[in-house]
Each structure stands twice: as structure tokens, then as C-alpha cells.
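Reader: Hey, can you walk me through this one? I'd like to start with one sheet and work outwards.

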Amino acid sequence: MLEALYAVFVGPFRDMIGAPSFLIEVVIGGLAAGLMYSLVALGFVLIYKASGVFNFAQGVMVLFAALTLVGLMERGVPMLVALALTMAVMVALAFVIERVVLRPLVNQEQIILFMATIGLNFFLEGFGELVWGSNVKKLDVGIPDSSFTVAGVQVNRLELTAAITAAVLVAIMAVFFQRTRVGRALRAVADDHEAALSIGIPLNTIWITVWSAAGLVAIVAGIMWGAKSGVQFSLSLIALKALPVLILGGFTSVPGAVAGGLIIGLGEKLAEVYWGPLVGGAIENWFAYVLALAFLLFRPQGLFGERIIERV
Amino acid sequence: MFYREAGQFKSTYASDQAIFPIRQDRIVVAAALVAAVVGVPLVADEYWLQAVLIPFLIYSFAALGLNLLTGYAGQVSLGTGGFMAVGAYSAFKITSAFPGVPIVLVFLLAGLVTALVGVLFGIPSLRIKGFYLAVATLAAQFFLLWLFNKVAWFTDYASSGTITAPPRAVLGVMVTGPEATASVRYLTALILVGFFAIIAKNLVRGRVGRSWMAIRDRDIAAEIIGVRPLRTKLLAFAISSFYCGVAGAEYVFLYLGSAETLAFDINVSFLVLFMVIIGGLGSILGSFLGAAFIVTVPIFLTNAPHLIGVPLPVALQKQIELMVFGGLIILFLIVEPNGLARLWQICKEKLRLWPFPY
Amino acid sequence: MRSAEAPPTPLLQVDGVSVRFGAVHALDSVSLEIPRGEVVAIIGPNGAGKTTLLNVISGFYHPTGGHIFFEGRDRTHLRPYDVAALGIARTFQNVALFKGMSVLDNIMTGRLLKMRGSFLLDALYWGPAMKQELEHRAFVEQIIDFLEIEAIRKTPAGRLPYGLQKRVELARALAAEPKLLLLDEPMAGMNVEEKEDMCRFVLGVNDEFDTTIALIEHDMSVVMDISDRVIALDYGRKIADGRPDEVRADQAVIDAYLGVAHA
């Protein structure tokens with residue numbers, strides 16, 4: 001009994017302290033993975049913040065973007081052109097989604113919209129496979145997946161690029177939402193569709209803009225994930241992992257998505273490496289969710305979310 | 001003109017509160033029951049029983065459970081697969097440890113175990129609402145499946161990591177195992193789901209159902225009436241999990257024969273949620289309609305191309321299935337967010353007026 | 001200002017109750033009494049703390065200071081469902097009906113605390129469970145009769161017009177056979193006819209069922225008509241308490257709320 005307690009509460013920490021440079025590598029790896037989650041979560045936040053819709057299909061949009069990019073590049077299209085074309089495709093997708101899915105469902109309850117995005121998820125999965133085929137593809141964006149050493153610690157080039165990209169994206173989005181007129185309009189729309197309509201906010205344009213922006217974020221996320229682990233269908237399951245990230249960070253907070261992603265990524269990695277061996281591994285499957293659950297019990301609105309005040 | 005209620009006056013509250021107040025409904029339901037119990041085993045072939053009817057009954061059971069929790073009590077749950085797994089694995093452990101216990105009782109006991117687990121994972125529901133609760137149930141889903149995967153005790157240390165339904169008989173007739181015929185398994189599933197559907201209906205039209213709906217619609221106002229939120233929500237989790245647990249046990253014992261945790265993964269949770277939403281949230285009938293829909297669409301999609309003479313390669317078929325599935329869901333949500341049950345109601349209302357348009 | 005006869009223990013006593021939200025004093029040391037069997041109107045400008053007062057009595061907020069006594073016993077820190085068990089029912093400013101249920105079901109939920117049941121019997125809808133359900137149905141039908149809403153009993157509550165929704169909410173509150181009924185702006189948004197009906201019902205409830213009523217109301221003619229006593233609040237403080245005509249003439253109330261008719 002005492003042994004078990006020791007193994008859980010003391011052992012892993014001793015392991016951590018015992019090999020500090022390994023610990024730092026694990027931490028960096030965790031943070032990097034966390035940033036990748038954040039990138040996906042950012043797409044969610046964008047759409048949720050601006051249209052109140054929880055877009056379950058964000059994961060598959062990441063996949064779709066990556067597939068399109070790779071597919072074009074495989075056919076010999078130069079990278080920058082392929083990028084531009086993919087962007088165009090994502091915008092077109094945004095148009096179609098707005099027309100076919102969002103407009104008919106305006107002002108329905110959240111759960112209905114959520115289910116619609118799940119339907120969208122299935123549809124895009126089938127469609128993507130149909131168009132681009134189902135084998136794993138390698139995505140080469142010119143950044144080698146190699147490491148260099150800094151102060152005795154290994155740093156991966158790709159992860160570093162992902163980190164910087166994410167940081168830049170976050171900064172841009174934060175400024176956009178807080179400072180610009182369009183950003184304010186977006187927040188109004190997220191709050192109440194009908195009210196926003198009634199003061200003349202052009203709902204359709206806004207939605208297309210936002211979903212296109214989410215598409216852009218999806219492209220970036222797709223590139224990062226695809227370059228790291230190849231473009232394959234498990235990418236669409238990332239949507240699920242983004243949920244705990246959003247829980248921690250709040251559904252409407254851009255910095256929250258980043259913070260949440262970092263916490264989840266780090267927590268997951270540490271848990272897997274140091275506690276995983278105790279129970280046979282694969283803690284990563286559920287750790288993020290349980291962590292989110294624990295958080296929710298203490299702070300139902302997440303770290304950065306807005307408190308929902310119900311008026312009696 | 002066949003569906004007129006004229007002349008059917010209710011002189012007591014009892015007849016007004018009956019499940020099927022309209023005489024024509026009673027006739028139809030009685031006929032359907034006779035057809036289901038007697039007719040189907042006589043007429044249906046192995047394929048229909050095994051591929052369509054049995055899974056339909058089992059999924060209906062699970063959809064009933066989820067509908068009680070999400071449709072009536074308003075607690076969104078994405079953990080259905082996990083709870084079904086609890087039912088399946090509990091049933092397996094109970095029957096391998098006590099082979100003498102009648103298998104139906106084993107199912108019910110498995111349901112009870114699942115109810116307890118459900119209550120445990122339902123405790124956060126007091127603080128956490130809506131979407132956030134859905135994520136909490138995801139924790140249940142992933143954790144439970146990981147548990148059954150990792151801890152070999154659950155599979156009785158089978159090297160394949162699967163649980164297999166041992167052969168069991170009821171009154172001398174094989175109900176589970178390779179000897180059990182599809183008809184017997186069908187009837188077992190039918191009786192179980194029929195019985196528990198009636199129980200569910202009784203619950204929702206009485207005190208319990210009203211407390212649930214009160215919590216769902218306005219939990220603050222519900223409190224002022226005297227509803228105790230935690231108790232009510234936990235009861236919902238308990239009963240819903242019971243249903244899902246029994247369904248899970250049936251899933252392995254009456255349908256698959258053997259299974260591993262993959263059979264209960266997140267896709268199952270989504271599938272059952274679809275059934276409930278398409279069938280109609282907050283409707284007992286809806287659970288059945290939704291299950292029927294979801295079970296038959298893939299069958300239809302698999303067979304339709306053959307029927308019109310256009311054979312498709314398997315991969316393409318799968319892709320089209322996904323696309324049609326997703327498209328149908330979106331279409332449904334746009335056309336009738338209240339589900340098939342509401343469409344059915346509208347049908348009945350139109351039928352009342354037939355042959356007049358309005 | 002007390003009424004002429006010395007009353008027995010008042011049904012409800014609010015004693016120095018304060019409710020603070022951060023720096024905002026929603027209620028500031030408010031003391032009042034509601035005698036049994038009376039109709040008491042609570043008036044005041046928006047934000048005066050009227051709804052907060054009802055919320056504190058219902059148990060949604062706990063006072064940061066002071067006590068609440070119901071039937072002579074300290075009931076300050078109860079949860080709403082315990083308050084309901086004491087015999088206090090209320091309606092809400094933004095009608096809080098259960099939109100997904102029919103009118104009949106909504107009112108039946110009001111009977112919840114009167115329903116004793118075994119879960120097992122409920123599940124089978126057998127014998128005692130069914131008998132009880134029907135008894136409660138009979139009682140609820142009396143209320144439906146009284147409030148003249150027979151025609152809409154099977155309609156989903158969400159589909160009703162506002163005025164009828166308010167009536168259904170009143171029915172639901174009555175179903176609990178409360179000793180004290182708290183009404184938050186029961187006539188808001190109604191036209192003259194509907195208000196007359198509502199007044200009739202409120203007085204009827206007070207008369208026939210001997211229910212004590214406290215209501216928040218903005219329409220002064222209604223207040224004058226049906227209340228035995230008026231309490232005025234402003235900025236979380238009580239500024240007047242007495243018979244309707246006394247309060248109407250009170251200078252503080254005129255300054256804060258009523259204003260003076262211009263010539």
C-alpha cells in the first residue's frame with residue numbers, strides 16, 4: 001500500500017528531478033503538442049465567438065485543408081500557388097456551409113447546430129476521401145522535422161515554427177476582436193443572432209468571413225499537424241481533443257485557447273511519460289478530459305470564460 | 001375519416017391519461033405487437049433478423065436510455081458507448097463467475113452496475129451544465145474504455161482482449177451463444193425493450209418525468225417548486241445508465257456474440273445521440289423511430305446500388321454512405337429539429353382531417 | 001404603521017435583511033412584516049430591490065445580514081426547494097414556465113411536493129401511483145376551472161400568448177397550495193381586460209383559499225384596488241409601509257417614485 005502511494009505521489013517527481021534535461025525536453029514536447037491543440041482550438045473559438053456555433057467539423061476542416069494542399073502539391077502545383085488555391089477552396093467551403101447549413105438553422109438551439117456540424121463532419125470526411133483518396137500523405141513545407149540543440153536541450157525546428165506561427169495568429173486575432181469594428185460586430189452576433197440582425201449587422205457576410213478565417217486557421221493547423229505526422233484521417237479526431245482545451249480556456253477566449261492548449265499538452269505529456277508506466281500507458285486517451293472535468297468542478301466557466309449569470 | 005376521434009369522449013381522467021387515448025391508436029399498436037411477436041419470427045429470414053431487427057431493438061433500448069437523460073432531463077451525454085461497455089463487461093463477469101444465474105437476470109444486474117457507474121459520472125452535473133457536461137461525459141467514455149482495455153481482469157485474462165458471450169439457456173431454449181437462433185434472440189430483445197419502454201413511458205408521464213422536464217426547461221423555476229436538482233439529475237443518470245447498460249449487455253450477448261472495447265467507442269455514442277435527435281428529443285416513440293432510421297440507412301445505401309444495377313466498389317460505397325449520412329442529418333435538423341416523432345404527430349393530425357386538407 | 005387590531009405572529013417577518021453584490025447594496029437593512037391573510041403590494045422604481053427581496057425570501061439569495069422568519073421560525077438560510085416545502089410559492093418576472101411541457105403538466109409540476117410516491121410503483125403506474133396521479137389531476141382541474149384556462153390545458157406552454165402564460169404560472173404556483181404566494185409583476189404586459197381578470201383571480205385566491213399574497217406591481221390603480229397594505233422600496237431601503245392611501249400620500253414615495261400630477 002505504502003509502495004503504491006510512493007509510486008504515485010513521490011516516484012514520478014523524483015524521476016523528473018533526477019534527469020532535468022530530459023524533463024525539459026518532455027516539457028517542451030508537451031508545450032509544443034499543446035500549441036498544436038491550440039491552433040485547432042483557435043478555429044473553434046473564432047467560429048464560436050462570432051456565430052455562437054460550436055463547430056465540430058473544425059477537425060475535419062483541418063484535415064480537408066491539409067488534404068487539398070497536399071493533393072495540389074502532389075500534382076506538381078508550386079507550394080505558394082497551392083496555398084493560395086487551398087485558401088480559395090476554404091473560402092468557397094465557408095460560402096457553401098453558410099448557405100446550406102447555417103442560414104436555414106439560424107437561431108436554433110446550440111445542440112441542434114452542434115449536431116449539424118457533426119453531420120457536416122461526416123459529410124466532409126466522406127467527400128475528402130472521395131476526392132483525394134484515403135492513404136496517408138506526406139506534407140513537405142520546407143521546414144525539416146529535425147532538431148537542434150540549445151543549452152543541452154533538443155529543440156525541434158518544426159515545433160518551433162508551429163509555436164511562432166500560433167503566437168502570431170493569436171496576436172492578430174486578439175487585436176482583431178478587441179480593437180476593430182468588425183470584431184465588435186462579430187461579438188454581437190455571437191451573443192444573439194436575431195438582435196444583431198435587427199440592428200443591421202449583415203449576418204451572412206459576417207459568417208462567411210468568420211468561417212473563412214477559421215478555414216485559414218485550419219490550413220495552418222493542417223500544415224503543422226500534417227508535416228509532423230502525415231496527413232491522415234485521425235486528424236479529424238483532433239476535434240475531440242480540442243474540447244478539453246476549450247473547456248479550460250473558455251469557448252470564447254483567444255488567449256484562453258492558447259493557455260488551455262498549453263496546459264493540456266503539457267499535462268498530457270507529463271502524465272504519460274511519468275505516470276503512464278505505472279498503469280500500462282495510454283493515459284493520453286483520457287487524461288485531457290479528466291483534467292478538464294476536474295477544472296470544471298472548480299470553475300464551471302473555465303479559466304478565461306465568461307461567467308454565465310442567470311437572471312431570475 | 002378513419003382517424004376521427006369524434007364520439008370518443010373521455011369521462012374519467014384515467015382514460016385521458018392513458019398511453020393510447022385514441023381507439024384507432026390502440027388497434028394499430030395491438031396489431032403491431034401481434035405482428036412483432038408472432039408474425040416476424042415466422043416470416044423474417046436470418047439476414048433481416050440478424051442485420052436489421054435485432055440491432056434495431058438493441059439500439060432502441062440504448063436510445064431510450066439516452067433520451068431519458070438528454071431528451072427529458074436535459075443532460076447532454078456523449079458517454080453512451082462507455083456505459084454500454086460497462087453493461088457488457090459487467091454481464092460478462094457476472095455470468096462467468098455465476099453461470100447458474102438466469103441470463104436475463106444477469107442483464108438486469110449488469111444494468112444496475114451501470115446505473116451505479118452512471119451516478120458516479122453524473123455527480124458533476126450539479127455544477128456543470130450543457131456543453132460542458134457533454135465534455136465531462138466524454139471523460140467517462142474515454143476513461144471507461146481505457147479501463148476495460150488495460151485491466152485484463154475484465155476479460156477474464158483472455159489473450160485476445162475480447163469478451164465472448166457464453167452459451168446460456170432460458171427454460172431450455174438457448175438464448176445466447178452460437179446455438180441460439182436469431183428468432184430466439186430477437187424475441188428476447190423484443191420482450192426486454194418492450195417491457196422497459198412501458199416503464200419509461202410510465203416514468204415520464206408521472207412525477208419523475210415532470211421533475212426531469214422541469215429541470216430541463218427551467219432549472220431555477222424547478223427549484224422553487226421543490227425539485228431537488230441533484231437528486232433529480234442523479235436519478236436521470238442512474239436510470240439512463242441502467243438502460244444503456246442492459247442494451248450494452250444485449251449488444252454482446254444477443255447480437256455480436258463477442259466484442260472488444262472498439263465496439264463501444266465514441267462513434268457509438270454519437271450514433272445513439274443521432275438516433276435520439278433524429279427520432280425526437282423527449283419522446284419515447286422517437287427513440288424507436290430514430291433507431292430504425294439509423295439502422296436502416298446504411299442497409300439501404302449498401303443495397304440500393306445493387307437494386308438499380310450500379311455496383312460500387314466498397315471504398316466508394318463507404319464514402320458515399322458517410323456523405324449521405326452527414327447530409328441527411330443536416331437535412332433533418334433543418335426540416336424538423338423536433339425529429340421523426342414530431343413528423344409522426346403531424347401525420348396523425350393530417351390523418352384526422354383526411355380526406356379534407358385542413 | 002400597523003393595522004388597527006394587534007395581529008397574531010405575522011406569517012412572514014423580514015428583519016434587517018441586507019443583500020450585497022460586491023459594492024452594490026441591493027437591499028439595505030430592510031425590515032417588514034406580512035400578516036396572515038393580507039394582500040401586500042411592494043412598489044418602487046426599477047432597481048429598488050423588489051425582485052431581490054422576493055429572491056431572498058424564496059431562498060435564491062442568502063442575505064449578507066439580517067434574518068427571515070416564516071411562521072415565527074428562522075428560515076434565513078434555506079435552499080429554494082426547502083422554502084417551497086414550507087409553503088411559499090412564487091411567480092417570476094420573466095415568466096418561468098416549462099416551455100416544453102403542456103399547460104396541464106406545468107401545473108401538475110406545482111403539485112410535486114404533495115406527491116408522495118414510491119419509485120417502483122411509479123414505474124409500473126400501478127395502484128397507488130395511478131390513484132395519486134388522478135387525485136392530483138382532479139385538484140389541478142379545479143385550479144384550471146378557477147382560472148378559466150380549460151381550453152388550453154393540452155397546449156405546450158411555449159406556444160401561449162404572454163397573458164395566458166402568466167395565468168398558467170399563477171396556476172402552477174397555486175397548485176402547491178401555498179400559505180404565502182409571491183407574485184413578481186403578475187400584470188406586466190397585460191391590457192386592461194386582462195388586468196381586471198388577474199385582479200379578480202388574485203383577490204379570489206386570497207378570499208377563497210385564504211392565501212397570503214405579496215406582489216410586486218407597477219400599476220398604481222391595481223395596487224390601490226386590491227392591496228390591504230403597501231410597502232415602498234427605493235435604492236434597497238424601505239421608505240414607506242402602511243395602508244394604500246397613506247403610502248400614496250407619503251412624500252418620500254412621491255419624490256422617489258410616484259411623482260406629482262402636472263396641472
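**Sheet, domains and contacts**

Author: Sure. Chain C has an open sheet of four strands, antiparallel in its pairing, in the order β2-β1-β4-β5. Strands pair here if DSSP finds at least two bridges between them, and helices (H or I, at least four residues) and strands (E, at least two) are DSSP runs numbered from the N terminus. This is a predicted model, where local features need pLDDT of at least 70, side-chain atom pairs count only at pLDDT 80 or more, and totals for chains, interfaces and linings use all residues. Residues are numbered from 1 along each chain as its sequence is written, while chains are lettered from A and ligands numbered from 1 in the order in which they are written.

Reader: Which are the edge strands of chain C?

Author: They are β2 (24-34) and β5 (73-74) of chain C, and each pairs on one side only.

Reader: And how many bridges join β1 to β4 in chain C?

Author: Five, between β1 (residues 12-21) and β4 (residues 65-70) of chain C, which run antiparallel. For a concrete pair, C:S18 has C:G65 in β4(C) as its bridge partner.

Reader: What lies across β1, β2 and β4 of chain C?

Author: Helix α1 (residues 50-58) of chain C, running at about 70° to β2(C). Axes are lines fitted to C-alpha atoms, for helices over the stretch in contact, and angles run from 0 to 180 degrees between N-to-C directions.

Reader: Switching topic: how is chain C divided into domains?

Author: Domain 1 covers 8-87 + 178-263 and domain 2 covers 100-177. Those bounds come from an automatic or database domain assignment. Over C-alpha atoms, the centres of the two domains of chain C are 27 Å apart.

Reader: How many residues of domain 1 are in contact with domain 2 in chain C?

Author: 11 residues of domain 1 of chain C, with 11 residues of domain 2 on the other side. In contact means that the C-beta atoms, placed from the backbone, lie within 7 Å. On the domain 1 side, α2 (80-86) and α7 (192-208) of chain C each supply at least two residues, and α7(C) gives the most, with four. That side divides into eight nonpolar, two polar and one charged. Nonpolar covers Ala, Val, Leu, Ile, Met, Phe, Trp, Tyr, Cys and Pro, charged covers Asp, Glu, Lys and Arg, and the others, Gly among them, are polar.

Reader: At what angle do α3 and α6 of chain C cross?

Author: Roughly 35°, with the axes of α3 (residues 103-110) and α6 (residues 162-175) of chain C coming within 6 Å. Residues that meet there include C:V103 and C:I107 in α3(C), and C:V168 and C:A171 in α6(C). By class, this contact of α3(C) with α6(C) has six nonpolar, three polar and one charged residues.

Reader: Now the other chains. How many residues do A and B put into their contact?

Author: Chain A puts in 40 residues and chain B 31. From chain A, α6(A) gives the most, with 16 residues. The chain A side divides into 29 nonpolar, eight polar and three charged.

Reader: Why does the span of α6(A) agree with its residue count?

Author: Because 23 residues at 1.5 Å a residue should span 33 Å, and the end C-alpha atoms of α6(A) are 32 Å apart. The expected span is 1.5 Å times one less than the number of residues. Just after α6(A), A:G133 takes a positive phi of about 85°.

Reader: And chain C with chain B, how many residues there?

Author: 30 from chain C and 25 from chain B. On the chain C side, α5(C) gives the most, with five residues.

Conventions
Two residues are in contact if their C-beta atoms, placed from the backbone, lie within 7 Å.
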